[in-house]
Amino acid sequence: MTIKIYTKVGDKGQTKQVTGHMVPKYDLQIETLGQIDELESWLGVACSSLSNANLNLATEIRYLQRKLYELQADIAVKQSHNIQDRDITVLEEKIDKLNKEVPEIKAFILPGGKQVGANLQYARTLARRAERTAIRLNDTQQPLDGPELRFMNRLSDFLFILARYANFMDGYEDVRAKF
């Protein structure tokens, strides 16, 4: 038996939360989940663009995609606690390790670079947008009382250094933002 992909539940601008409660598709929880989904999907684009010099980043990118899936569960299901303080520590350790691998920066740099670096820089901006929406969700509608917001903040930092590392491995030199 084939499972139908479409449900028709959202045909009138409403969607069903995990609780079964119907909300508008612009509900802050739904918006937050959608922005995390967009980030997770863009990370798939970044992974598909890996150069030979960056094939080792596939593991890191898929790790992030899985963590984002867990983050979505934590936001959608109130008793779900997948993201833990340890996940933040892991990101910090990864940031510190990669930061030692790339040239020190002494000024703001322009986002971009080679394909994978540019894709990861764009993922960083998607992470920041999702974080802003999650903060609004936390402040106005649904308290996120675990480490979700701290994880999202470290995530964009990790994507920044991951982009720099990818560009470095591809032989691209960061471009200063100011002349």
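**Exercise 1. Find the residues with the most contacts inside the largest nonpolar core, then the helices that supply it.**

Solution. The largest nonpolar core holds 41 residues. Leu 39, Leu 43, Ile 61, Leu 120, Leu 159 and Leu 162 have the most contacts inside it. (A nonpolar core is a set of buried Ala, Val, Leu, Ile, Met, Phe, Trp, Tyr and Cys residues joined through side-chain atoms within 4.5 Å; buried means under 20% relative accessible area, exposed over 50%, partly exposed in between, with a 1.4 Å probe and protein chains only.) Next, the helices: α1, α2 (57–76), α3 (85–99), α4 and α5 (148–169) each supply at least two residues of this core. The top contributor is α5, with ten residues. (Helices are DSSP runs of H or I, at least four residues, numbered from the N terminus.)

The model is predicted: local features need pLDDT of at least 70, side-chain atom pairs count only at pLDDT 80 or more, and totals for chains, interfaces and linings use all residues. Residues are numbered from 1 along each chain as its sequence is written, and side-chain values use heavy atoms, without hydrogens and water.

**Exercise 2. List the contacts of Leu 120, leaving aside neighbours within four places in sequence.**

Solution. Contact means heavy atoms within 4.5 Å. Leu 120 touches Leu 43, Ala 46 and Ile 61, among others. The rest of its list is Leu 159, Leu 162, Ala 163 and Ala 166.

**Exercise 3. Classify the aromatic pair of Trp 42 and Tyr 122.**

Solution. A whole-structure search gives one aromatic pair. The ring centres of Trp 42 and Tyr 122 are 5.0 Å apart and the planes at 70 degrees, so the pair is edge-to-face. (Rings of Phe, Tyr and Trp, its six-membered ring, pair if centres lie within 6.5 Å; planes under 30 degrees apart are stacked, over 60 edge-to-face, the rest tilted.) Trp 42 lies in α1 (residues 28–48) and Tyr 122 in α4 (residues 115–140), so the pair ties together parts 80 residues apart in sequence. Trp 42 is partly exposed, at 26% relative accessible area. Tyr 122 is partly exposed too, at 40%.
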